[in-house]
Amino acid sequence: MDELLQAALAARENAYAPFSHFRVGAAVEDENGRIFTGCNVENATYGLTVCAERVAVFKGISEGARRFRRIAVAAAPKLATPCGACRQILWEFGGDMEVILVNPAGETLTLRMAELLPRAFDASNLD
Ligand code: THU
């Protein structure tokens, strides 16, 4: 299996999800091939929960990455697409990047951001 998908599945093992029990892992690949991973991190207040995708992106940004070309998202048992908030963040740092959904059974679905977030608002709107 692709290293990026394996990284997302492994990151899912670290999910902190005592409230929903829904564990998610993510792995982003930057334009230099570097991989950054994340898991969902929940909070007793619920609303402060951060999704796996944003954890992975923000880890990458804080390590100097700026542009991502692919993300893998691991959930179970069904494949899960990124939430609306994560789609906006992914667009900011990857535009029409590849989004690969995977589950522990090895099922995958490859999508693109433009189909998940059509007509996105971004920096070009601020010109
Ligand atoms: N979650 C993610 O981490 N990524 C997604 O794409 C969907 C939802 C998390 C947030 C929360 O911890 C749990 O899954 C249930 O919504």
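Two strands count as paired if DSSP finds at least two bridges between them. With that in hand, take S1 and S3 in this predicted model: six bridges join them, and the two strands run antiparallel.

**The sheet**

S1 and S3 belong to an open sheet of five strands, ordered S2-S1-S3-S4-S5, and the pairing is mixed. S2 and S5 sit at the edges, each pairing on one side only. On average, neighbouring strands here are turned by 20° against each other, ignoring direction.

As for the general picture, strands of a sheet pair through backbone hydrogen bonds, either parallel or antiparallel. Both kinds turn up around S3. On the antiparallel side, S1 puts Ala27 against Ala72 of S3 as its bridge partner, and Asp30 stands opposite Phe68 in S3. On the parallel side, five bridges join S3 to S4, and one pair to look for there is Val73 with Leu101 of S4.

How much of S3 is buried? Six of its seven residues are, so the strand is largely enclosed by the rest of the structure.

**Two helices**

Helix H1 (residues 3-12) tells a similar story: seven of its 10 residues are buried, so the rest of the structure largely encloses this helix too. The buried ones are Leu4, Leu5, Ala7, Ala8, Leu9, Ala11 and Arg12. What covers them? The cover includes strands from the sheet: S1 (25-30), S2 (35-39), S3 (68-74), S4 (98-102) and S5 (108-112). At the N-terminal end of H1 you'll find Asp2 acting as a cap, with a side-chain oxygen 2.8 Å from the backbone nitrogen of Leu4.

Helix H2 (residues 52-62) lies across S1, S2 and S3, and its direction makes an angle of about 140° with S2.

**Gly25, a handy landmark**

Gly25 is found in strand S1. Is this residue buried or exposed? Its relative accessible area is 0%, and since buried means under 20%, Gly25 is buried. Setting aside neighbours within four places in sequence, Gly25 is in contact with Ala8, Ala11 and Arg12, among others, and those three are buried residues of H1. Its contacts also include Gly38 and Cys39, along with Ala52, Ala72, Val73 and Ala74. Glu53 is 28 residues away from Gly25 along the chain, yet their C-alpha atoms are separated by 7.4 Å.

**Around the ligand**

Which residues surround the ligand? They are Ser20, Phe22, Val24, Asn40, Glu42, Thr49, Cys51, Ala52, Glu53, Thr81, Pro82 and Cys83. Ala52 is worth a second look, as it also appears among the contacts of Gly25. Three of the polar contacts reach oxygen atoms of the ligand:

| Residue | Atom on the protein side | Distance to a ligand oxygen atom |
|---|---|---|
| Asn40 | polar side-chain atom | 2.9 Å |
| Ala52 | backbone N or O atom | 3.0 Å |
| Thr81 | backbone N or O atom | 3.3 Å |

Taken alone, the ligand exposes 380 Å², and the protein buries 78% of that.

Note on methods:
Residues are numbered from 1 along each chain as its sequence is written. This is a predicted model: local features need pLDDT of at least 70, side-chain atom pairs count only at pLDDT 80 or more; totals for chains, interfaces and linings use all residues. Side-chain values use heavy atoms; hydrogens and water are left out. Buried means under 20% relative accessible area, exposed over 50%, partly exposed in between (1.4 Å probe, protein chains only). Helices (H or I, at least four residues) and strands (E, at least two) are DSSP runs, numbered from the N terminus. Contact means heavy atoms within 4.5 Å. A polar contact is a pair of N or O atoms within 3.5 Å; within protein, one must be able to donate a hydrogen and the other to accept it, and residues adjacent in sequence count only if both atoms are side-chain atoms. Axes are lines fitted to C-alpha atoms, for helices over the stretch in contact, and angles run from 0 to 180 degrees between N-to-C directions. A residue is near a molecule or strand if one of its heavy atoms lies within 4 Å of it. Accessible areas come from the Shrake-Rupley method with a 1.4 Å probe; for residues, only the protein chains shown count as cover.
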